[in-house]
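Please walk me through this model in the viewer, one selection at a time. Tell me what to pick and what is there.

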Amino acid sequence: MEERNLKVNFYKCGSGSISSKTNIPISFFRKIGVTPEERNIKVKVNEETKQIIIEKDN
């Protein structure tokens, strides 16, 4: 398993709400088979373990 420390960027939208973004390395997506043609992913949040899980959506 590969691991990297990344930062989350927070910004204010035009409506005044706050949103967030992070850049995930393309190598991570390649490893799970996400491509420009097959780019759907599923994102899950586990509040108990404080984890965000990203999976390729078949």
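One cut-off first: a residue is buried under 20% relative accessible area, exposed over 50%, and partly exposed in between. The model is predicted.

**Stop 1: the β1/β2 hairpin.** Select residues 9-12, strand β1, together with residues 18-21, strand β2. The two strands run antiparallel and are joined by four bridges. Pick Y11, then look across to β2: the bridge partner there is S19. Now move to the connection, where five residues lie between the strands. Select G16 in this hairpin and check the backbone: phi is positive, near 100°.

**Stop 2: the β3/β4 hairpin.** Select residues 41-46 for β3 and residues 51-56 for β4. This pairing is antiparallel too, with six bridges. V43 has its bridge partner in β4, at I54. Four residues separate β3 from β4 in the hairpin. Click K50 in the turn; phi is positive here as well, about 60°.

**Stop 3: the nonpolar patch.** Turn on the surface and select I32, I41, V43, V45, I52 and I54. Together these residues form a nonpolar surface patch with about 530 Å² of accessible area. Strands β3 and β4 each supply at least two of the patch residues. Which strand gives the largest share? It is β3, with three residues.

**Stop 4: I54.** Keep I54 selected; this residue sits in strand β4. Is I54 buried, partly exposed or exposed? Its relative accessibility is 34%, so I54 counts as partly exposed. That value falls between the 20% and 50% limits. I54 thus links two stops: bridge partner of V43 and member of the nonpolar patch.

Notes:
Residues are numbered from 1 along each chain as its sequence is written. This is a predicted model: local features need pLDDT of at least 70, side-chain atom pairs count only at pLDDT 80 or more; totals for chains, interfaces and linings use all residues. Side-chain values use heavy atoms; hydrogens and water are left out. Two strands pair if DSSP finds at least two bridges between them. Patches are made of residues with over 30% relative accessible area and no salt bridge: like charges are joined within 9 Å, nonpolar side chains (Val, Leu, Ile, Met, Phe, Trp, Tyr) within 5 Å. Accessible areas come from the Shrake-Rupley method with a 1.4 Å probe; for residues, only the protein chains shown count as cover. A salt bridge is a side-chain nitrogen of Lys or Arg within 4 Å of a carboxyl oxygen of Asp or Glu. Buried means under 20% relative accessible area, exposed over 50%, partly exposed in between (1.4 Å probe, protein chains only).
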